[in-house]
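Please walk me through this protein chain, beginning with how its elements are assigned and ending with the residues that deserve a second look.

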Amino acid sequence: MLTIDRIEEGIAVCEKGDGSFVRLPARPGWAEGDVLAEADGGYAVDEAETRARREAARRKSRKIKGRRR
C-alpha cells in the first residue's frame with residue numbers, strides 16, 4: 001500500500017510502508033492522504049482504508065486539542 005503525501009504538477013508523491021517514496025502519475029480524483037492499493041496492474045484508492053486512517057487522524061487531533069468526542 002502507498003499513501004499519497006502530496007501531488008506536484010500531476011505527479012503523486014507516495015510514501016511506502018518502509019518510509020521511502022515513489023512517484024506515480026496522478027489520476028483524477030486522487031488526493032493527499034489517499035491510500036492506494038495495487039489493482040489491475042496499477043493503483044486505485046482503497047476507500048475503506050483511506051476513511052479509516054482519516055477518522056483515526058481526526059480522533060488523535062481531537063484528543064490533542066482536548067475535545068474527546
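Strands, as the word is used here, are DSSP runs of E with at least two residues, and they are numbered from the N terminus. By that numbering E8 belongs to strand β1. The model under discussion is a predicted one, and the values quoted below are to be read with that in mind.

Taken as a whole, the protein chain contains one helix and five strands, and their order from the N terminus is β-β-β-β-β-α. Its C-alpha atoms occupy a box of roughly 40 × 25 × 25 Å along the principal axes. Of the 69 residues in the protein chain, 16% are buried, and the exposed surface comes to about 5200 Å², with carbon and sulfur atoms supplying 47% of it. When contacts between residues at least 6 apart in sequence are considered, 24% of them join residues at least 24 apart. As for charge, the chain carries 16 positive and 13 negative side chains, and the centres of these two sets are 12 Å apart.

The helix, α1, spans residues 47–65. Its 19 residues reach 27 Å from the first C-alpha to the last, which is close to the 27 Å expected at 1.5 Å a residue. In general, an α-helix has 3.6 residues a turn, so residues three or four places apart point the same way. Just after α1 comes G66, which takes a positive phi of about 85°.

From the helix we can turn to the interior. The largest nonpolar core is made up of seven residues, namely L2, I4, A12, C14, L24, W30 and L36. Two elements, β1 (2–8) and β2 (11–16), give two or more residues to this core.

Two members of the core merit a fuller description, and the first is L36, located in strand β4, which covers residues 35–39. L36 has a relative accessible area of 0%, and it therefore counts as buried, since buried means under 20%. Once residues up to four places away in sequence are set aside, L36 touches M1, L2, I4, C14, L24, W30, Y43, A44, V45 and D46. The C-alpha atoms of L36 and E47 are separated by 8.6 Å, although these residues are eleven apart along the chain.

The other is W30, which is found not in a strand but in the loop between β3 (21–25) and β4. Is W30 buried or exposed? With a relative accessible area of 12%, W30 is buried. Not counting residues up to four places away in sequence, W30 touches I4, I7, A12, L24, P25, L36, Y43 and V45. Between W30 and A44, which are 14 residues apart in sequence, the C-alpha to C-alpha distance is 8.8 Å.

We can now return to E8, in strand β1, whose relative accessible area of 32% makes it partly exposed. Beyond residues up to four places away in sequence, E8 touches V13 and R23. E8 and P25 are 17 residues apart in sequence, and their C-alpha atoms are 9.7 Å apart in space.

The remaining points concern backbone angles in two loops. Most residues other than glycine have a negative phi. Against that background, E9 has a phi near 50°, a positive value in a residue other than glycine. E9 sits in the loop between β1 and β2, and with a relative accessible area of 84% it is exposed. D40 likewise has a positive phi, near 50°, and is a residue other than glycine. The place of D40 is in the loop between β4 and β5 (42–45), where its relative accessible area of 86% makes it exposed.

Note on methods:
Residues numbered from 1 in each chain as written. Predicted model: local features only at pLDDT ≥ 70, side-chain atom pairs only at ≥ 80, totals over all residues. Heavy atoms only, no water. Helix = DSSP H or I, 4+ residues; strand = E, 2+ residues; numbered from the N terminus. Expected span 1.5 Å × (residues − 1). Buried < 20%, exposed > 50% of the residue type's maximum accessible area, 1.4 Å probe, protein only. Contact = heavy atoms within 4.5 Å. Areas by Shrake-Rupley, 256 points an atom, 1.4 Å probe, with all protein chains shown as cover. Lys, Arg positive; Asp, Glu negative; His and termini not counted. Charge placed at Lys NZ, Arg CZ, Asp CG, Glu CD. Core = buried A, V, L, I, M, F, W, Y, C linked by side-chain atoms within 4.5 Å.
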